[in-house]
Amino acid sequence: MLSKSKIFFKGTAAVLPHMLSVIPFGIITGAIGVELGFDPILVYATSLIIFGGASQIIFMQLLSGGASSLVAITSVGVINSRHLLYGAVLSEYLEKLSIIKKLFISYFIVDQGFAESNKYIKQNKNLSNPHYYILGTGVTLWFCWQLSTISGIILGSFIPEELGLKFAIPLTFLAIIVNDLRKLDHVFVMLVSGFASLILFDAPFKSYIILSPIVALIAAFIMLRFKK
Amino acid sequence: MTWFSIIVSGIVTYFSRMAMVALIDRDMLNSKVKEVLSYVPAAVFPAIIFPGVFFNDFGSFVEYSNPKIYGAIVALIIGFYSKNVIATILCGLLSYWIIIFFINQ
């Protein structure tokens, strides 16, 4: 039987390959926050309090572009609704834990950690303490995320504005979803969202950022009906 | 005000992580909802990518010679074939810089 710390570090090892994308993403997030004109302390606060790269970037981009708080907060909610799915899958492995432990582990649920944990725990059904694996992935990603966004904040203050670093925002998100272009159903949902955002761009309070995903998710729902 | 927004966003995000683990019975999410949730990235990110590439800072359509479009096309091709996040972002930025600093002088 594996000891708790062994399981924890197995989780750490599993997410190490992801650092190749997590660290640059963290640096970009920190640098863009500074570039958008936010106080370095505020930029870092998003890493600590929100702790979700894509939602941090969108949050800062929206606020700096004059969106209302309500729109910024709602779009963070829409983006992070995918965690509901992760939680639903992981809850099976966390059932026996006390509520305090559940509340603690929840903070560390992120994309890459979820993907690796789910893969490993499915393959090792008899694992005695699967939550240590989840924690190993989450805590490791957390530390790297904090350090890389801090590095980005420091770097960002040296990057000249002429470089147009803001263009890194769409490029970063393109890099996140580019692999899903291999799946036609995902491409369909992406095109609906993209064209909806161009049409709805002038909707008040920058609400296009919430309306376009909703339109695209409705399209996904309808598409699933026809697929069956 | 910004602090307030960050804290509320943090609470919303934490809730999204914690709800299914600690609060709600996971059977509340039926398979249909789960299936739709798996499309959230595909539904969210293009709404940032498209305006970021096709519009300028003032929200009007940029002309077809816009360097951002070429940068995005390069990033798309590199990303699709390399599956490498850093290469995708860097190649996109580099081609954008080459156009704005050397070609579109």
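Analyst: Two residues are in contact if their C-beta atoms, placed from the backbone, lie within 7 Å. Keep that cut-off in mind, and remember that this is a predicted model.

User: OK, then what is Leu174(A) in contact with, leaving aside its neighbours within four places in sequence?

Analyst: Its partners sit in chain B: Ile49(B), Ala72(B), Ala75(B), Leu76(B), Gly79(B) and Thr88(B). Each of those pairs passes the 7 Å test between C-beta atoms, so each is called a contact.

User: And which residues touch the most other members of the largest nonpolar core?

Analyst: Leu174(A) again, along with Ala43(B) and Ala75(B), in a core of 97 residues. To be in a nonpolar core a residue has to be buried, so these three each have 20 or more other C-beta atoms within 10 Å of their own.

User: How many residues does each chain bring to the contact between A and B?

Analyst: Chain B puts in 61 and chain A puts in 72. On the chain B side, the elements giving two or more residues are helices H1 (2–23), H2 (31–37), H3 (40–44), H4 (46–54), H5 (67–82) and H6 (85–103) of chain B. H1(B) gives the most, with 18 residues.

User: What makes up that side of chain B by class, nonpolar, polar or charged?

Analyst: The count is 42 nonpolar, 13 polar and 6 charged residues. Gly counts as polar here, so any glycines on that side fall within the 13.

User: How do you know what radius of gyration a compact globule the length of chain A would have?

Analyst: The rule is 2.2 Å times the number of residues to the power 0.38. For 228 residues that comes out near 17 Å, and chain A has 19 Å, so the two agree. The C-alpha trace of chain A spans about 60 × 50 × 35 Å along its principal axes, and 49% of its residues are buried.

User: What does the globule rule give for chain B?

Analyst: Here the value departs from the rule: a compact globule of 105 residues would be near 13 Å, but chain B has 20 Å. Its C-alpha atoms fill a box of roughly 60 × 40 × 25 Å. Chain B is divided into domain 1 (1–28) and domain 2 (39–103), and the C-alpha centres of the two lie 31 Å apart.

User: What share of the contacts in chain B join residues at least 24 apart?

Analyst: Among contacts at least 6 apart in sequence, 26%. In chain A, residues 24 or more positions apart account for 75% of the contacts with a separation of 6 or more.

User: How many helices and strands does chain A have?

Analyst: 12 helices and 0 strands. Chain B has 6 helices and 0 strands.

User: Why is H2(A) called largely enclosed?

Analyst: Because 12 of its 17 residues are buried, and each buried residue has 20 or more other C-beta atoms within 10 Å. Among them are Phe25(A), Gly30(A) and Glu35(A). The buried residues pack against H3 (40–49), H4 (53–64), H8 (111–123), H9 (130–156) and H10 (168–177) of chain A.

User: What span should helix H2 of chain A have?

Analyst: At 1.5 Å a residue, residues 19–35 should span 24 Å; the end C-alpha atoms are 23 Å apart, so the span agrees. Just after H2(A), Gly37(A) takes a positive phi of about 100°.

Definitions and conventions: Residues numbered from 1 in each chain as written. Chains lettered and ligands numbered in written order. Predicted model: local features only at pLDDT ≥ 70, side-chain atom pairs only at ≥ 80, totals over all residues. Helix = DSSP H or I, 4+ residues; strand = E, 2+ residues; numbered from the N terminus. Domains from an automatic or database assignment. Core = buried A, V, L, I, M, F, W, Y, C linked by C-beta atoms within 7 Å. Expected span 1.5 Å × (residues − 1).
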